[in-house]
Amino acid sequence: MSKLKKIDKLLKVKELRRRLAEMEAAKASREMHMASLAVEDAKHEQIRIRETAATRRQERLKKVIEPGQNPSLQNARIVNVYAITDQEIQESAFNTELKEQQLNESQERLKLEQSKLARFLQLEERTRKLCDKLVDMKKVEAARQG
């Protein structure tokens with residue numbers, strides 16, 4: 001492999017590594033924003049469920065309570081209606097907590113990817129002089145070859 005091809009290969013690898021680091025940081029940023037939106041949606045859903053719990057409970061109770069049925073059976077069903085509504089509220093709170101954990105994880109990943117990119121850019125700045133020399137060598141080599 002000629003010196004000119006080796007120099008081209010080094011420059012191309014450096015550029016590809018920088019692009020990859022930038023893409024990973026952008027991907028992590030996008031994931032963090034999506035997780036943030038998911039947390040907001042989960043919070044709104046939790047609020048909606050809590051605010052509408054009483055009306056949903058009343059609708060369920062109307063379906064359960066029928067005249068002429070066994071009162072003990074109706075009492076058991078009423079307890080189930082309350083338990084179902086409470087479970088919905090707990091599930092929405094759990095879902096919100098889960099989304100917040102996912103947001104925290106994506107924020108940590110974003111920090112990691114940004115620090116990787118920053119380290120890479122620092123190294124790139126340090127090696128810029130070397131790359132400039134490589135470009136100059138490439139020009140000299142091209143002039144020699146003709």
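Start by selecting Arg18, which is found in helix 1 (a helix is a DSSP run of H or I with at least four residues, numbered from the N terminus). The model on screen is predicted, so local features need pLDDT of at least 70 and side-chain atom pairs count only at pLDDT 80 or more, while totals for chains, interfaces and linings use all residues. Residues are numbered from 1 along each chain as its sequence is written, and side-chain values use heavy atoms, with hydrogens and water left out.

Arg18 counts as buried because its relative accessible area is 18% (buried is under 20%, exposed over 50%, partly exposed in between, with a 1.4 Å probe and protein chains only). Now add Glu22 to the selection. The side chains of Arg18 and Glu22 are joined by a polar contact of 2.8 Å (a pair of N or O atoms within 3.5 Å; within protein, one must be able to donate a hydrogen and the other to accept it, and residues adjacent in sequence count only if both atoms are side-chain atoms).

Which residues does Arg18 contact, leaving aside its neighbours within four places in sequence? They are Phe120, Leu121 and Glu124 (contact means heavy atoms within 4.5 Å).

Next, widen the selection to Lys14, Glu15, Arg18, Arg19, Glu22 and Glu124. A network of salt bridges links these residues (a salt bridge is a side-chain nitrogen of Lys or Arg within 4 Å of a carboxyl oxygen of Asp or Glu). Across the whole structure, a search finds 15 salt bridges.

Keep Lys14 and show Val13, Arg17, Phe120 and Leu123 with it. These five lie nearest the centre of the largest pocket, which has a lining of 17 residues. A pocket here is an open set of points on a 1 Å grid over the protein atoms alone, where a 1.4 Å probe fits, with protein on both sides within 12 Å along at least five of seven lines; lining residues have an atom within 4 Å of a point. The volume of the largest pocket is about 440 Å³, where volume is the space filled by probe spheres set on the points.

Where does the lining of the largest pocket come from? Helix 1 (3-64) and helix 2 (71-145) each supply at least two of its residues. Helix 2 gives the largest share of the lining, 10 residues. By type, the lining holds nine nonpolar residues, one polar and seven charged (Ala, Val, Leu, Ile, Met, Phe, Trp, Tyr, Cys and Pro are nonpolar, Asp, Glu, Lys and Arg charged, the others polar).

Stay with helix 2 and select Lys116 and Glu113. Their side chains meet in a salt bridge, 3.7 Å from N to O. Both residues lie in helix 2, three residues apart, about one turn of the helix. Lys116 counts as partly exposed because its relative accessibility is 39%, whereas Glu113 is buried, with a relative accessible area of 9%.

The next stop is Asp86 with Arg57. Asp86 forms a salt bridge with Arg57, and the closest N and O atoms are 3.3 Å apart. Asp86 lies in helix 2 and Arg57 in helix 1, so the pair ties together parts that are 29 residues apart in sequence. Asp86 is partly exposed at 38% relative accessibility, while Arg57 is buried, with a relative accessible area of 16%.

Leave Arg57 displayed and select Thr85, whose place is in helix 2. Is Thr85 buried or exposed? Thr85 is buried, with a relative accessible area of 0%. Not counting residues up to four places away in sequence, Thr85 touches Ala53, Arg57 and Arg60.

Then move to Glu51 in helix 1. Glu51 counts as exposed because its relative accessible area is 62%. Add Ile89: the C-alpha atoms of Glu51 and Ile89 are separated by 9.9 Å, although the two are 38 residues apart along the chain.

The last stop is Arg48, also placed in helix 1, together with Glu45. Arg48 forms a salt bridge with Glu45, with 2.6 Å between the closest N and O atoms. Three residues, about one turn of the helix, separate Arg48 and Glu45 within helix 1. Both count as partly exposed: Arg48 has 41% relative accessibility and Glu45 has 32%. Finally, show Ser92, which is 44 residues from Arg48 in sequence and 9.6 Å from Arg48 in space, C-alpha to C-alpha.
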